[in-house]
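Take a walk through this model with the coordinates open beside you. Two helices, one pocket and one loop residue are the stops.

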Amino acid sequence: MAAGGDLMDRPKREYLFISYAWENAPIAQWVSRKLISCGYKVWRDNLALYGGCIWSDKIEDAIKNKAFRMIHILSRKSITKINPKNELQVGYLMSQTISDFLIPLNTEGIPPIELPWQMPNIQFIDFQDWRKGFSELLKALEIGKCPRFDVEQGVREAIESY
């Protein structure tokens, strides 16, 4: 197969994958809807998973093949619970080959000494003030040239996600 064919077969990375512990669902939903309303495509479990699917396979596929960036809602719960820890580990491994892949949002002001071993190497966004943190997140996505779609469509999709 020609090299061009290989490129054509690669999945398009256009989603922002939202990783979080279920205890942080309110902030994950808020961030997701704000991003959608700004024209970004968001992959979050309760927006993408459906009855009967093997959710662990879908999550792994989304992180490895569909995510342009992974946004991890960093909290004491997310660094101690198995599923968010697994997502965080995959995101960290992806960041070894895709520059700036993992964007942690530190929602509780957790000091670096309390973070998982790999996290101190990755700049997190202080998200204790959601409005200020969201502004920083948008700046990071703009610098990273994250793909966007029609903002009007995003506003409609954000409203429909309620």
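In this predicted model, the buried residues of H2 are Ala-25, Ile-27, Ala-28, Val-31, Ser-32, Arg-33, Leu-35 and Ile-36. H2 has 13 residues, which should span 18 Å at 1.5 Å a residue. The end C-alpha atoms are 18 Å apart, so the expected span and the model agree. After H2 comes Gly-39, with a positive phi near 100°.

Now move to H6. This helix runs over residues 130–143 and has 14 residues. From first C-alpha to last it reaches 20 Å, close to the 20 Å expected at 1.5 Å a residue. Its buried residues are Gly-133, Phe-134, Leu-137 and Leu-141. Seen down the axis of H6, they fall within an arc of 100°, so they line one face of the helix. The general rule is helpful here: an α-helix has 3.6 residues a turn, so residues three or four places apart point the same way.

What lies over that buried set? The cover includes strand E1 (15–19), helix H2 (25–37), strand E3 (67–74), strand E4 (102–106) and strand E5 (125–126). H2 therefore returns here, as part of what covers the buried residues of H6. On the other side of H6, the picture changes: Arg-131, Lys-132, Glu-142 and Ile-143 are exposed.

Look next at the ends of H6. Asp-129 caps the N-terminal end, with a side-chain oxygen 3.1 Å from the backbone nitrogen of Arg-131. Just after the helix, Lys-145 takes a positive phi of about 55°.

H6 also has a part in the largest pocket, whose volume is about 450 Å³. Of the 19 residues that line this pocket, the closest to its centre are Ile-103, Gln-123, Ile-125, Glu-136 and Ala-140. E4, E5 and H6 each supply at least two residues of the lining. Which element gives the largest share? That is H6, with six residues.

The last stop is Ser-95. It sits in the loop between helix H5 (82–94) and E4. Is Ser-95 buried or exposed? Its relative accessible area is 18%, and the cut-off for buried is under 20%, so Ser-95 counts as buried. Its side chain reaches the backbone oxygen of Tyr-92 at 2.5 Å. Leaving aside neighbours within four places in sequence, Ser-95 is in contact with Phe-101, Leu-102 and Ile-122.

Notes. Residues are numbered from 1 along each chain as its sequence is written. This is a predicted model: local features need pLDDT of at least 70, side-chain atom pairs count only at pLDDT 80 or more; totals for chains, interfaces and linings use all residues. Side-chain values use heavy atoms; hydrogens and water are left out. Helices (H or I, at least four residues) and strands (E, at least two) are DSSP runs, numbered from the N terminus. The expected span of a helix is 1.5 Å times one less than its number of residues. Buried means under 20% relative accessible area, exposed over 50%, partly exposed in between (1.4 Å probe, protein chains only). The arc is that of the directions from the helix axis to the C-beta atoms. Contact means heavy atoms within 4.5 Å. A polar contact is a pair of N or O atoms within 3.5 Å; within protein, one must be able to donate a hydrogen and the other to accept it, and residues adjacent in sequence count only if both atoms are side-chain atoms. On a 1 Å grid over the protein atoms alone, a cavity is a set of points where a 1.4 Å probe fits but cannot get out, and a pocket is an open set with protein on both sides within 12 Å along at least five of seven lines; lining residues have an atom within 4 Å of a point. Grid points are joined across faces, edges and corners, and a volume is the space filled by probe spheres set on the points.
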